[in-house]
Amino acid sequence: MTAQVPCWRFDPVRVWLLPHTPGARGEPQARELLAAELGYTPQALPLTRDERNRPWLIGALDHYGTGWSHSKGHLLVALGEGARLGVDLEQQRPRRQMREVVRRFFHADEVRWLDALDDAACEAWFFRVWCAKEALLKAHGHGISFGLEKLCFAPDAAGVLQLVWCDPGLGEAARWQLHEWQAAPGFRAALAWYPF
């Protein structure tokens, strides 16, 4: 199964992109892939959810981190040994209220940066920043309810998105690893992780 789908490796994390039926839950497919990778049947895979609905591998697999995200016809599944992780997948499409979302929910430095861009550049960066924020907050365990303004991303000189500041509740910004990429035409993906 895993040999037939796109797979990326960001040591120590692997990420797969699966076709997905829109509107369906992602967990059954994620469970199948994870079970195949880890040598279990889907029913026997020790996968549970915490009080915030975050997935965890437990028991003999508690040294692995996992997560998944789906958007339209795609499902992104991540698995990392010794890594607490989060992934996000978003379809890039015009959003009429994009600038309002940025001004209302993003960090003040991100608002200044994105407000200075023309609409096309702002939209491209918006999806990159949004995916990065969601991935990191999923890895943290609280999701976006923690607050999108409690972390700040900016591009470096080469255009690589970097976490430049975060609320102390997320730990030190330097401990976080971020990878973001075009997972499929019209779909942005991000993986955030740190070793545990």
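Cys-7 turns out to be partly exposed, with a relative accessible area of 39%. The model here is a predicted one, and its cysteines make a handy place to start. Cys-131 sits at the other end of things: this residue is buried, at a relative accessible area of just 1%.

Do these cysteines pair up, and how many disulfides are there? A search through the whole structure comes back with zero. A disulfide is a covalent bond that joins the sulfur atoms of two cysteines. For Cys-7, the closest cysteine sulfur belongs to Cys-131 and is 18 Å away, so the two are too far apart for a bond. Cys-131 fares no better, because its closest cysteine sulfur, the one in Cys-122, is 15 Å off and again too far. To count as a disulfide, two sulfur atoms would have to lie within 2.5 Å.

Next come the pockets. The largest pocket holds about 360 Å³ of space. It is lined by 22 residues, and those closest to its centre are Arg-49, Asn-53, Pro-55, Trp-68 and Lys-138.

Where does this lining come from? Strand S5 (64-71), strand S7 (83-91) and helix H4 (119-140) each chip in at least two residues. S5 gives the largest share, with five residues. Sorted by class, the lining of the largest pocket has ten polar residues, along with six nonpolar and six charged ones.

Methods:
Residues are numbered from 1 along each chain as its sequence is written. This is a predicted model: local features need pLDDT of at least 70, side-chain atom pairs count only at pLDDT 80 or more; totals for chains, interfaces and linings use all residues. Side-chain values use heavy atoms; hydrogens and water are left out. On a 1 Å grid over the protein atoms alone, a cavity is a set of points where a 1.4 Å probe fits but cannot get out, and a pocket is an open set with protein on both sides within 12 Å along at least five of seven lines; lining residues have an atom within 4 Å of a point. Grid points are joined across faces, edges and corners, and a volume is the space filled by probe spheres set on the points. Helices (H or I, at least four residues) and strands (E, at least two) are DSSP runs, numbered from the N terminus. Ala, Val, Leu, Ile, Met, Phe, Trp, Tyr, Cys and Pro count as nonpolar, Asp, Glu, Lys and Arg as charged, and the others, Gly among them, as polar. Buried means under 20% relative accessible area, exposed over 50%, partly exposed in between (1.4 Å probe, protein chains only).
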